[in-house]
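Me: I should like to go through the terms used for this model one by one. Please set each value against its criterion before concluding.

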Amino acid sequence: MWARSGLVGNASSLHASGRAARRVLEEAREEVAAALGAHPTELVFTSGGTEGDNLAVHGSWIARRAAGPGEPHGRPRVLLSSIEHHALHDLVPALVRDGAVVDRLPVRPDGIADPAVLAGALAGAAGRETAVASLMWVNNETGAVQPVQALAEACRSAGAWSHSDAVQAVGHVPFDFAASGLDLATVTAHKVGGPVGIGALLVRRGVSPAPIVFGGGQERGIRSGTLAPVLAVGFAAAVVEAVARLEEHAARWRRLRTRLLDGLAGLPDVRPHLPETASPSLVNVAFLGCEADDLLLLLDAAGVDASVGSACTAGVSRTSHVLLAAGLAEDEARSTLRFSFGAETGEADVDTLLRVLPEALERARRARGATFGSRR
Amino acid sequence: MKVLAAMSGGVDSAVAAARMVDAGHDVTGVHLALSRNPQSFRTGARGCCSLEDSHDARRAADALGIPFYVWDLSEEFRVDVVEDFIAEYRAGRTPNPCLRCNESIKFSAVLARGLALGFDAVATGHYARLVQGPDGVELHRAVDPDKDQSYVLGVLTAEQLAHSLFPLGDSPKSQVRAEAAARGLTVASKPDSHDICFIPDGDTAAFLDRELGTAEGAIVDADGTEVGRHDGAHHFTVGQRRGLHLGIPAPDGRPRYVLDISPVTNTVTVGPHEALAVDTITAGRPSWAGPKRPGRWRASVQVRAHGEPLGCSVEASDDGVRVLLDAAAHGIAPGQAVVLYDQDRVVGSATIDSTAHRAAA
């Protein structure tokens with residue numbers, strides 16, 4: 001019975017359960033593509049955002065680095081913004097090791113890439129040597145919405161492929177792949193309330209990143225590996241819902257964001273980072289004079305979830321490269337937390353945060369640099 | 001109470017945290033990241049800096065259902081413990097880094113941060129007992145003499161002890177392991193740590209060579225006659241016998257020991273065992289585990305980790321202590337701590353500056 005449902009079969013198999021799985025998978029593909037403004041043949045399922053980012057950038061560079069048919073001079077260069085997720089930020093050493101020329105695109109103090117600087121970075125010879133340029137759509141730490149249309153235009157003039165990590169964009173800001181003009185965009189299911197373990201790379205027709213894992217040649221030979229129809233169904237349901245309810249959610253998030261920012265305004269030495277264009281679902285704030293780690297511990301104990309930049313494998317939090325790229329001093333970056341709103345977040349949650357924050361903040365500030373005993 | 005449980009990833013600190021939970025405390029686990037570049041994998045050796053250890057600590061916290069965080073104290077550890085360790089060897093002394101870590105990191109930086117964040121105490125898996133006495137909390141030896149760690153806690157002040165909890169002090173080690181297994185903690189069979197955690201391969205000499213370089217110098221006997229060469233005075237500890245590689249045998253054919261290390265001239269002095277005998281120890285930077293004890297009084301003293309307690313009289317002042325041993329002892333190295341006991345109770349401690357033999361003087 002399970003086999004005939006199409007949820008557990010192998011979509012590459014030719015027998016009945018395989019056909020059922022294939023049908024489920026293709027229906028999910030059509031639904032996800034339609035919700036994202038893409039054609040179903042433009043959608044390559046992946047395991048999530050990290051794989052999508054790696055496939056888009058590493059795969060495009062591999063496909064275009066050397067001279068070949070339709071590519072008389074070869075394109076050894078990759079342009080990455082300085083605020084990319086670790087899925088791309090930490091790809092840089094591997095790209096350099098493999099011989100890529102990697103340039104980083106700076107951002108303004110509000111965390112947004114300047115379209116004129118972007119155009120300059122892709123002008124002339126540098127642009128002709130660029131395989132792919134990547135600028136994330138909405139930054140996961142600051143919420144800054146980036147000028148991805150400007151990226152797409154600059155890349156088109158240069159003949160480079162454009163990629164955007166849109167993991168934090170779908171369901172948070174209006175997203176339309178066709179209208180964006182992008183060649184490649186990465187999305188993932190769990191950021192829109194779907195299951196962890198599936199995502200997609202949207203690939204415009206005529207654009208063909210090289211595979212970075214090898215095997216059965218699924219997903220048009222770009223991404224080998226057996227796909228999980230059950231995850232694809234969950235992905236489709238979540239993304240359809242998230243896109244359909246975007247305006248409703250966004251209106252609520254804007255109210256919550258205003259409420260939170262108004263509440264923070266009464267606290268001493270608290271500095272919200274407010275990009276000119278920002279996702280409504282995220283507030284990034286520096287609590288000057290304390291370690292964000294300490295504040296997180298205290299808020300956690302009071303039932304409020306907050307986030308810091310990221311942690312290394314051992315669990316030590318790392319100073320955010322995104323905040324440093326926006327020109328923040330190390331101290332301010334280390335004092336920065338972010339609060340995200342989800343499908344369920346309401347006024348009461350913001351009020352809880354604002355109620356527990358003053359005492360937590362005072363304690364966290366006292367904890368910094370505190371010493372005890374005979375420490376020399 | 002709100003208790004901060006320092007969780008190294010070993011069996012002792014996991015059981016200590018579990019006992020705090022059982023006692024009804026509101027417990028939060030913290031693992032201290034002490035190395036800037038944690039080793040991804042290590043076999044055999046155990047310490048407190050590896051990825052495996054932070055993983056094990058986290059899994060123990062999961063099993064106990066308590067919040068868990070990793071605190072990065074690598075900068076404090078580098079300055080207060082590792083650099084102190086290197087500087088002490090450079091000065092010809094023999095430091096005890098675990099004691100420095102307790103003094104400067106676990107019961108200072110961590111305790112201060114914890115108290116400021118609203119915790120009442122820090123709990124660790126050390127084997128020692130805290131007993132409520134007439135003048136406040138007292139530090140006593142653990143009931144398991146093989147595991148007793150009161151020596152490395154001897155540097156703690158009364159104020160620090162008042163915010164410390166050692167839930168294992170009444171238990172033998174075997175019982176702690178059995179308890180860990182019964183609780184389903186995955187670290188139940190994990191080997192004990194013995195090495196210095198920031199020297200995971202256990203090769204202290206090679207570590208010091210990298211930090212201090214090698215410098216050839218003379219090994220001389222008591223009258224200054226050169227009897228051998230060495231490639232770095234930091235390879236030696238007072239009382240050491242092995243590894244001298246002397247070319248010239250002693251006149252009496254008996255083994256020789258390191259008597260003194262002079263970093264200025266890079267000279268190591270050796271001599272017979274009886275020349276190691278000392279009965280007077282001068283030690284500085286005293287700390288008191290309870291009220292200060294100036295004046296002259298009777299005590300027993302321990303001069304190294306796992307050493308036997310020695311009967312003595314103590315002359316104490318604000319600057320330090322003079323320890324007059326009842327009987328001469330051998331191989332007492334400057335840089336190590338003297339921990340002073342009244343029976344099983346720790347009275348205080350100080351760092352050995354010099355030694356002498358009254359009879360010989």
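Me: What makes strand 1 of chain B largely enclosed by the rest of the structure?

Reply: The model is a predicted one. A residue is buried if 20 or more other C-beta atoms lie within 10 Å of its own. In strand 1 (residues 2-6) of chain B, 4 of the 5 residues are buried, so the strand is largely enclosed by the rest of the structure.

Me: How do you know that strand 1 of chain B pairs with strand 2 of chain B?

Reply: Pairing requires at least two bridges. Strand 1 of chain B is joined to strand 2 (residues 26-33) of chain B by 5 bridges, and the two run parallel; therefore the criterion of at least two is met. Lys2(B), for instance, has Asp26(B) as its bridge partner in strand 2 of chain B.

Me: Which bridges support pairing of strand 1 with strand 4 of chain B, and in what sense do these strands pair?

Reply: Strand 4 (residues 121-123) of chain B pairs with strand 1 of chain B in the parallel sense, over 3 bridges. Among them, Val3(B) has Ala121(B) as its partner in strand 4 of chain B.

Me: Why is the unit made by strand 1, helix 1 and strand 2 of chain B called right-handed?

Reply: The term applies if, with the strands pointing away from the viewer, the path from the first strand over the helix to the second runs clockwise. Strand 1, helix 1 (residues 11-22) and strand 2 of chain B make a β-α-β unit that is assigned as right-handed.

Me: What makes strand 8 and strand 12 of chain A edge strands?

Reply: The open sheet has 3 strands in the order 8-9-12 (chain A), with antiparallel pairing. Strand 8 (270-273) and strand 12 (336-340) of chain A each pair on one side only. Strand 8 of chain A pairs with strand 9 (residues 282-287) of chain A over 4 bridges, and one of the partnerships is that of Val270(A) with Phe287(A) in strand 9 of chain A.

Me: Which residues touch the most other members of the largest nonpolar core?

Reply: Of its 129 residues, these are Leu295(A), Ala5(B), Ala14(B), Ala17(B) and Val338(B). Helix 4 (residues 97-116) of chain B gives the most to this core, with 10 residues. Beyond its neighbours within four places in sequence, Leu295(A) is in contact with residues including Phe287(A), Leu337(A) and Ala364(A).

Me: How many residues of each chain are in contact across the two chains?

Reply: 19 residues of chain A are in contact with 27 residues of chain B. Helix 12 of chain A supplies the largest share of the chain A side, 5 residues. By class, that side has 8 nonpolar, 5 polar and 6 charged residues.

Technical notes. Residues are numbered from 1 along each chain as its sequence is written. Chains are lettered from A and ligands numbered from 1 in the order in which they are written. This is a predicted model: local features need pLDDT of at least 70, side-chain atom pairs count only at pLDDT 80 or more; totals for chains, interfaces and linings use all residues. Two residues are in contact if their C-beta atoms, placed from the backbone, lie within 7 Å. Ala, Val, Leu, Ile, Met, Phe, Trp, Tyr, Cys and Pro count as nonpolar, Asp, Glu, Lys and Arg as charged, and the others, Gly among them, as polar. A residue is buried if 20 or more other C-beta atoms lie within 10 Å of its own, exposed if 12 or fewer, and partly exposed in between; C-beta atoms are placed from the backbone. A nonpolar core is a set of buried Ala, Val, Leu, Ile, Met, Phe, Trp, Tyr and Cys residues joined through C-beta atoms within 7 Å.
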